[in-house]
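Trainee: Got a minute? I'd like to go through this structure with you.
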Amino acid sequence: MWAAERLARKQVGRRGMSKRKKLSRAWLARHIDDPYVKLAQKHGYRSRAAFKLIEIDAQDRLIRPGIAVVDLGSAPGAWSQVLRERLARPGGAGIDGRIVALDLLPMEPIPDVTFLQGDFREEETLHRLEAALGGAKLDLVVSDMAPNLSGIASADAARMADLAELAVAFAVAHLKPDGALLVKCFHGSGYSQVVELFKRSFVRVAVRKPKASRGASAETYLLGRSPKASARAALGAEQGAAAWDEP
Ligand SMILES: C[S@@+](CC[C@H](N)C(=O)[O-])C[C@H]1O[C@@H](n2cnc3c(N)ncnc32)[C@H](O)[C@@H]1O
């Protein structure tokens, strides 16, 4: 009985392993054939994600010289590279504007980009980010943050929604009245609540699915423009109440 059980477990293990291998082979084949991977290599971007921001920006004109922008979930750094390129002064004389990038993981430096390593869900990270901004109001917040996927769709969608909600709270508190927030979301449980939150928080809301975002992926981007005064007031009241509750 014991031997039979051991054999069954071994077989399940082998089956699981071969499925994983198949999936990673399929991923590799797709990656090698991916035109955006080739383009990213050609242009020196650190990942194909660069083209998602480039495409959304071509439609929505979010990145202009002079802006102050925060890039959440910035590693390995392709979005920060695009932001830097767009804010670059002619003749290589630095940038016109301000870029602060944040990620859980380390990121190779990019000239003129202030990078902070930390978990955006933690208050201490938020304080460091606010200190780096030195009270400056922002024109743009972009968030490509994505949790490590567990493969359990509902859990992954919930973690994603959690990060999106934190990005909305941060943006509402720090954006200028005509500022914008771009956030990666996953279609799935929690998605409609995030859309509702965007509608409560911003005057204008749009959904974007750039071509560079793989069609089969649940990934989509929400764009909110001009934080509503009511959202700011609600956030202030919430923060006030939290401070009040502190022992
Ligand atoms: C898809 S990648 C971002 C790619 C990036 N936009 C680029 O262009 O290179 C998602 C990133 O989100 C980061 N991330 C996930 N959860 C985070 C958290 N709680 N705080 C900060 N960064 C987080 C991950 O470490 C990962 O580097």
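Mentor: Sure, one term up front: two residues are in contact if their C-beta atoms, placed from the backbone, lie within 7 Å. Also, this is a predicted model, where local features need pLDDT of at least 70, side-chain atom pairs count only at pLDDT 80 or more, and totals for chains, interfaces and linings use all residues. Residues are numbered from 1 along each chain as its sequence is written.

Trainee: Okay, which residues in helix H3 are buried?
Mentor: In H3, residues 50–60, they are Ala50, Phe51, Lys52, Leu53, Ile54 and Ile56. Buried means 20 or more other C-beta atoms within 10 Å of the residue's own, with C-beta atoms placed from the backbone. Helices (H or I, at least four residues) and strands (E, at least two) are DSSP runs, numbered from the N terminus.

Trainee: And what do those buried residues pack against?
Mentor: Helix H2 (35–43) and H4, plus strands S4 (138–143), S5 (175–186), S6 (202–208) and S7 (219–227).

Trainee: What follows H3?
Mentor: Arginine 61, with a positive phi near 50°.

Trainee: Switching to the sheet: in what order do the strands come?
Mentor: The open sheet has seven strands, S3-S2-S1-S4-S5-S7-S6, with mixed pairing. Strands pair if DSSP finds at least two bridges between them. S3 (113–117) and S6 are the edge strands, each pairing on one side only.

Trainee: How many bridges link S1 and S2?
Mentor: Five, and S1 (residues 68–72) pairs with S2 in the parallel sense. Leucine 72 sits opposite leucine 102 in S2.

Conventions: A residue is buried if 20 or more other C-beta atoms lie within 10 Å of its own, exposed if 12 or fewer, and partly exposed in between; C-beta atoms are placed from the backbone.
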